[in-house]
Amino acid sequence: MLNLERRCASRITLQADATLTLNEDAWTGTVRNISPDGLYMVFPDTVPVSDHQLLQLALVSEIGLLELKGSLAGIREVSRQPTDRAGSPPLGLAVKFAPLGAIEREILGSLLDELRERPVNLRLTGLLIPRETGDLLLEVSAQGSDTTAFTPMTSSTPEAEEAAPTDRRLTSRGTVSIPVLIRRTCGPAAGSDYLSAQTIDISLGGISLRVTAPPTSLENPVVLQLSLPPSLAGRAAQAASSESSTPIAGTAASDCILTAELVWTAPANGGKRGPNDRPDTFQLGLRFPYLDDAARFRIAGLVAQLLTSSEPVEQEASIQPLVSESLECRNRQGQRLALYHDHLRQALPPSAPTVIISPGYGETKKEQIALAYYFAANGFRVLRYDYTNHVGESEGDIQQSTLSGMKQDLTAMLDFAERTWPASPVTVVASSLAGRVALKAVAGDRRVSLLVLLNAVVDVRATLVAVHQEDHMGMYLNGAARGMMNVLGFNINADHWLEDAIAEGYADLHTTVKDAEQIRTPVVIFAAENDAWISKDSLRTVHAALRSTVKPLYFIPEALHSLHENPRKARAVFLQLVDCCRKQFFIAPTSADIRQPTQRVIGLQSRLERDRARAQRQMGQAELVEFWRDYLDHFHYVVNVHDYWQLLDHIYRLTAVPNEDTLIFDAGCGNGNFGVFLMVNQAYSQRHTSAFLPSPLTYVGGDFIFNALTQARGNFRKASNEFGGQAVSALGLPAAISPALALLNLNRRLPFQDDQFDRIVSNLVIAYVDDPLFTLREMMRILSPGGKLVLTNLKPRPDLSQIYRNFVQVAERAEEVEEARQLLQNSGKIIRAESDGVFRFFDRQELMQMLIASGAGQPRIYSTFANQAYITVAEKNGAVYAASTGSGQSAFEPRVHT
């Protein structure tokens, strides 16, 4: 167990003015304490900072001025005081000083000695170093010299369009009209009389119906009988007959019996009758919380087919200028490739250029929507696709992935474009590892008129070393079998992958240079300045080897390997990229008239494709339980990872547990890691501050994996003995917390009373539930007025190898490295499931939208977990849910595992 003492040196308490500036904005606050290692400041307003952000500091005192560099080591919220104004709580920022020189240490030591002896007039000013420099790109001359040109590409996207699509259900719905029978459940006709209805739209989570009779006799649960046409039967053949749903007399084999929950009723069309509407026509909204596997698969098959359309599903999107057509083709080995064709709604001339977007390793066509829409909005035909033997919708499994297989699929896309639009010139845009594949493909294929590389890997062996801190390719060459292993975030047959990379000439910088020397096609290269995967020197070597006379190279300041972290910077790159392609094909001499797709249009299509992927990758309940049981069985070592402990500490600080009787619910507690962390912190507080709690905090952890709860119980017992029982008995104090564990399902109504819990925590869980908005609303229902909700969620396409690298760099034993490697391999299961659409990692905008839609008050979002996750905190305002469902459940209704 780790020592939770976070102070490396004693701190001196003080009250000194502090000012932070970022660009032209400034915030004033107070320095609360300082030590030789850092300081702690509090600001009454929210400051737009992120974990590990750099600062330039100046301490001004009677002694003089001391300039220091530092970084943000912690972001926490401070409990409000009665005198604080309403709004977000004050923000506390812990700053860690960069290593000091001898003179700086001497000056700082003198200042601290003065502060210990007497009050000193001290003032701090700080300059926040921005994480991105806006829309500026640095262009290296084509001759490869050190001369650079500054290329500003200003995004004109209005801020109002930054928000994700507004929708109270936050899910894509397929419009469909299917006859429905609704069984009445009350009144004299209960069980023998049925309401006739027609579907309006349907999603994985629910359905909208139109009825021609008042729905006053309906009570929950509602039983529906859908008469599915044969063409919309979905996955019925794969699922057994329903056991939980009550059958309706006379059902046919093609009928689907569903148990649903009535959520809302309303007059049709808001009370405005159409020419064919009867006066008593109503609309009903129902959700599906009780589907068994048979019904789930049938609904998923129906929704997947409805979401496969060249027309946007959302009604208001029918006037959008861009269209995405779902298509497929075959590679030369006969495997099916799933692809999208994005284009303007109006017909394009035969000579309009075609852009083929090759996704990066571990990415799907869905991640390329924004880039594709920038091209499509400016008159290009765009093809984006999923590789075979990869994640996504194409045939094959990623365990058998190879670089030569990726090249074969790119060749198949070139064949498809040539057959479909023979007069159209072709551009290939490839990112990350796909860039290395594209270099080899273009070296031997003259059909490509322009090659664009985005953060392209040019030295595969060096990239593997940078990511994994081990030379896997070198070990394989020396005869060491690697077996099934995590490679760049995904679990694959590493021996097969490495053998292919070596045999087919992808292995190192030397082979890349050889391919570059064969290329005569114009090449445009964009490279991130702070890319941990790619050496800039290697990139310059490849750039110099290109034989094309047109080969601009752009460095993206302060950017990382994946551009999705900075949407504003990504838009700047997309604009520059479109501008380069237009000039190449003589479409326009300047970028002044480049059209930008709205964020709303991109968001709608992203959500549609994400929901379609989910519909196609549904797990049965037994499969889901086995997935999480296996995952959590291999998750125990994570408690030894420093970044994970920092994540738990971040949650603990934002939760701000008061030193009084408090009820805390841990939604999706897993092995009980946060509960143990809470127990240890409370015991530590009692041991070192003599704080006395009149009664212990009550912690309730809930999960649907029984094995995980058993593990959590053992972890609590061990922690209680080590940090609670011995220390508490020595001090004569009561236990720090009283834990209880509940077997429950977050996809159902939570079996707790309204306004019951003072704090709710949900750590890395919300992405895995069926209906995140419903689960959030349930959390808000059981949260007491004024209580806090703190939840975390991995960012889209997280680089968990960063956490692995951070750990390996400080690991002292080979056993630790091996445990970390197994943990990374375990995380590959989650990353693959997210790429396949089974799970959903939400971006900042989506999280904010869901929190607001759930009724959360004043939601705030910060970065955490080595910048690979978001942490959100919100309050429940007033008695918003006091008269909500009225379910009347008593406390701890599920089976309690104490």
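## A covered strand

Let's start inside this predicted model, at strand β25 (residues 523-528), which is mostly covered, with six of its six residues buried. The cover applies to both faces. On one side sit Val-523, Ile-525 and Ala-527, on the other Val-524, Phe-526 and Ala-528, and all of them are buried.

What does β25 pair with? Strand β22 (residues 448-454) runs parallel to β25, and the two are linked by four bridges. Within that pairing, Leu-453 has Ile-525 of β25 as its bridge partner. Strand β26 (residues 553-556) also pairs with β25 in the parallel sense, again over four bridges. There, Ala-527 is matched with Phe-555 in β26.

## The chain as a whole

Zooming out, the protein chain has 20 helices and 33 strands. Of its 898 residues, 58% are buried. The chain exposes about 36600 Å², and carbon and sulfur atoms supply 51% of that area.

How are the contacts spread along the sequence? Take the contacts with a separation of 6 or more: residues 24 or more positions apart account for 74% of them. One pair that is well separated in sequence is His-543 and Ala-516, which are 27 residues apart along the chain but 7.9 Å apart in space, C-alpha to C-alpha. His-543 belongs to helix α10 (residues 536-545), and its relative accessibility is 2%, so it counts as buried.

## A seven-stranded open sheet

Further along the chain there is an open sheet of seven strands with mixed pairing, in the order β29-β28-β27-β30-β31-β33-β32. The edges are β29 (737-743) and β32 (857-864); each has a single partner strand, so one side of each has no neighbour in the sheet. On average, and ignoring direction, neighbouring strands here are turned by 15° against each other.

At the β29 edge, strand β28 (residues 697-703) pairs with β29 in the parallel sense over seven bridges. Tyr-699 is one of the residues involved, with Pro-739 in β29 as its bridge partner. Helix α20 (residues 844-853) packs on this sheet and touches β31 (783-794), β32 and β33 (869-875). The direction of α20 makes about 155° with that of β32.

## Nonpolar cores

In soluble globular proteins, nonpolar side chains tend to be buried together. In this model the largest nonpolar core has 162 residues, and Met-41, Ile-356 and Trp-497 are the ones that touch the most other members.

Which residues does Met-41 touch, leaving out those up to four places away in sequence? Among them are Ala-18, Leu-20, Val-31, Leu-91, Leu-93, Val-95 and Leu-124, and the list also includes Thr-30, Arg-32 and Gly-92. Another core, of 37 residues, lies apart from the largest one; its members include Ala-372, Val-573, Leu-577 and Ile-602.

## Salt bridges

Side chains of opposite charge can pair when their charged atoms come close. Searching the whole structure turns up 47 salt bridges. One of them links Lys-365 and Asp-386, with the closest N and O atoms 2.6 Å apart. Lys-365 sits in the loop between β19 (354-358) and α3 (369-376), and Asp-386 in the loop between β20 (381-385) and α4 (403-420), so the bridge ties together parts 21 residues apart in sequence. Are these two buried or exposed? Both Lys-365 and Asp-386 are buried.

Lys-440 and Asp-515 form another salt bridge, at 3.0 Å between the closest N and O atoms. Here both partners come from helices: Lys-440 is in α5 (residues 433-443) and Asp-515 in α9 (residues 509-517), so the pair connects parts that are 75 residues apart in sequence. Lys-440 and Asp-515 are both buried.

## A charged network

Arg-749 and Glu-778 make a salt bridge too, with 3.2 Å between the closest N and O atoms. Arg-749 lies in the loop between β29 and β30 (757-763), while Glu-778 is in helix α17 (residues 772-782), so this pair ties together parts 29 residues apart in sequence. Arg-749 is partly exposed, with a relative accessible area of 32%, whereas Glu-778, at 4% relative accessibility, counts as buried.

Which residues join Arg-749 and Glu-778 in one network? Through salt bridges that share partners, the network also takes in Glu-261, Arg-287, Asp-754, Asp-771 and Arg-781.

Terms used
Residues numbered from 1 in each chain as written. Predicted model: local features only at pLDDT ≥ 70, side-chain atom pairs only at ≥ 80, totals over all residues. Heavy atoms only, no water. Buried < 20%, exposed > 50% of the residue type's maximum accessible area, 1.4 Å probe, protein only. Contact = heavy atoms within 4.5 Å. Areas by Shrake-Rupley, 256 points an atom, 1.4 Å probe, with all protein chains shown as cover. Pairing = 2+ DSSP bridges. Axes fitted to C-alpha atoms, helices over the stretch in contact; angles between N-to-C directions. Core = buried A, V, L, I, M, F, W, Y, C linked by side-chain atoms within 4.5 Å. Salt bridge = Lys/Arg side-chain N within 4 Å of Asp/Glu carboxyl O.
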